[in-house]
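Here is a friendly walk through one protein model and the ligand it holds. Have the viewer open and turn the model as you read.

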Amino acid sequence: MDKPKVVLGVSGGIAAYKACDLLRRLTESGHDVRVVPTASALHFVGAATWSALSGNPVSTEVWDDVHEVPHVRIGQHADLVVVAPATADTLAKAAHGLADDLLTNTLLTARCPVVFAPAMHTEMWEHPATRENVATLRRRGAVVIEPAVGRLTGVDTGKGRLPDPAEIFEVCRHVLARGVREPDLAGRHVVVSAGGTREPLDPVRFLGNRSSGKQGYALARTAAARGARVTLVAANTGLPDPAGVDVVPVGTAVQLREAVLKAAADADAVVMAAAVADFRPETYAAGKIKKKDDKDPDPIVLVRNPDILAEMSADRARPGQVVVGFAAETDDVLANGRAKLRRKGCDLLVVNEVGERKTFGSEENEALVLGADGSETPVPHGPKEALAETVWDLVVHRLS
Ligand code: CTP
């Protein structure tokens with residue numbers, strides 16, 4: 001089989017050097033990559049680097065190898081075009097259909113999915129001109145990844161950093177796997193909770209659970225790849241931020257509730273993949289709890305945490321908001337799942353069986369998605385991304 005053909009457009013920003021890492025990941029995972037830098041990009045990383053890492057010729061202009069008509073052929077034959085970093089200038093040219101170099105010509109001739117990973121200073125990203133250009137590109141079906149927040153060139157920090165190349169690669173992988181399909185979550189805001197809450201006992205101890213957060217991260221990543229604006233409320237995960245996802249770190253169930261409710265106010269869908277502690281210690285000891293010789297330990301008194309899923313399902317922040325819960329069960333999986341769906345009042349409940357070596361911390365998952373409308377969608381054993389895609393398929397169906 002021919003290798004999938006990827007065009008890596010690189011425009012002129014300092015983050016161009018990070019595109020070398022993305023290029024490596026693409027070539028090492030079996031893609032044929034043609035790098036198309038802009039002339040400005042070559043100020044940051046030279047053509048020799050792009051050519052050596054991709055194994056393909058590199059040019060910026062339409063005047064090289066004219067007999068091969070590269071300004072048309074490169075775009076026509078691509079399975080995916082990813083522009084990383086995409087500067088404000090490149091986004092503007094793409095939005096307005098300008099074609100004054102090889103990259104902009106390629107963007108006009110490509111009929112495959114296009115991913116932009118913008119990187120620029122916060123002021124440029126927030127300028128109304130850039131906002132409108134991004135909106136135009138998204139409306140036309142391109143995936144424009146939200147920049148990360150953090151250190152920018154120089155001493156300033158803010159929104160505008162290129163996301164981690166490993167995470168841009170994940171977006172490319174998802175978009176490629178889905179083929180030429182509309183980013184069906186474009187224009188939608190979705191909220192995902194992930195990980196496991198920790199309920200502190202004293203400054204060094206907590207009650208927690210074994211949720212890794214991987215399923216929630218897979219949901220966030222796939223939603224971003226399908227064009228959504230994603231808020232990921234992450235409880236104690238330690239995983240890298242997915243590209244284009246707004247990550248809100250939390251610790252306890254009470255903090256998670258606050259963050260989820262705030263983000264859900266304008267959300268089209270909320271997916272509660274986090275393992276939320278049902279109880280927390282009634283008291284928190286400001287100093288470390290010491291053992292007392294010859295005495296039995298004091299019992300730990302627990303109080304209930306709010307049931308966030310039930311609360312959000314009963315009192316939707318927006319009409320038509322889709323609410324999805326997860327149920328990890330060890331016994332009587334189906335009966336418990338059905339009862340829980342009714343009890344929680346959500347639209348969909350993803351039921352999976354947990355136990356030794358099952359689900360927690362693993363890369364794979366197997367589940368049954370129960371719908372409040374009586375539907376049952378089995379998801380066979382496979383990567384957590386596959387389950388995530390099924391969840392979004394069902395959400396999109398309900399949103400439309
Ligand atoms: N959940 C929640 N708030 C809680 C507990 C759970 O929002 N206080 C959400 C979880 O994020 C998950 C779903 O509810 O989406 C199911 O969680 P689970 O702990 O399995 O349900 P419980 O109601 O706690 O049922 P049980 O402990 O009886 O199995």
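## Elements around the largest pocket

This is a predicted model, and our tour begins at its largest pocket. Four elements each supply at least two residues of the lining: the helices α10 (214-225), α12 (308-314) and α13 (333-344), together with strand β16 (322-329).

The largest pocket encloses about 830 Å³ of space. Its lining is made of 33 residues, and those closest to the centre are Ala-274, Ala-275, Val-276, Phe-326 and Ala-328. Sorted by character, the lining residues come to 13 nonpolar, twelve polar and eight charged.

## The ligand in its place

Where does the ligand sit? The space it takes is the largest pocket. Three elements, α12, β16 and α13, give two or more residues each to the shell around the ligand. Of these, α13 makes the largest contribution, with three residues.

In total, 14 residues surround the ligand, and the closest are Met-272, Ala-274, Asp-278, Phe-326 and Lys-340. Two of these names may look familiar: Ala-274 and Phe-326 are also listed among the residues closest to the centre of the largest pocket. The shell around the ligand divides into eight nonpolar residues, one polar and five charged.

## Polar contacts with the backbone

Which backbone atoms come within reach of the ligand's oxygen and nitrogen atoms? On helix α12 (308-314), a polar backbone atom of Ile-308 is 3.1 Å from a nitrogen atom of the ligand. A polar backbone atom of Leu-309 lies 2.8 Å from a ligand oxygen.

Strand β16 (322-329) takes part through Phe-326, where a backbone N or O atom is 2.8 Å from an oxygen atom of the ligand. How much of the ligand's surface does the protein bury? Taken alone, the ligand exposes 570 Å², and the protein buries 78% of that.

## Two backbone details to look at

Away from the ligand's story, two spots in the backbone are worth a look. The peptide bond that runs from Ala-84 to Pro-85 is cis, and its omega is near -5°. Pro-85 has its place in strand β3, which covers residues 80-86.

The other spot is Asn-236, a residue other than glycine whose phi is positive, near 55°. Asn-236 can be found in the loop that links β11 (229-235) to β12 (245-250).

Definitions and conventions. Residues are numbered from 1 along each chain as its sequence is written. This is a predicted model: local features need pLDDT of at least 70, side-chain atom pairs count only at pLDDT 80 or more; totals for chains, interfaces and linings use all residues. Side-chain values use heavy atoms; hydrogens and water are left out. On a 1 Å grid over the protein atoms alone, a cavity is a set of points where a 1.4 Å probe fits but cannot get out, and a pocket is an open set with protein on both sides within 12 Å along at least five of seven lines; lining residues have an atom within 4 Å of a point. Grid points are joined across faces, edges and corners, and a volume is the space filled by probe spheres set on the points. Ala, Val, Leu, Ile, Met, Phe, Trp, Tyr, Cys and Pro count as nonpolar, Asp, Glu, Lys and Arg as charged, and the others, Gly among them, as polar. A residue is near a molecule or strand if one of its heavy atoms lies within 4 Å of it. A polar contact is a pair of N or O atoms within 3.5 Å; within protein, one must be able to donate a hydrogen and the other to accept it, and residues adjacent in sequence count only if both atoms are side-chain atoms. Accessible areas come from the Shrake-Rupley method with a 1.4 Å probe; for residues, only the protein chains shown count as cover. A molecule sits in a cavity or pocket if more than half of its atoms lie within 2 Å of its grid points.
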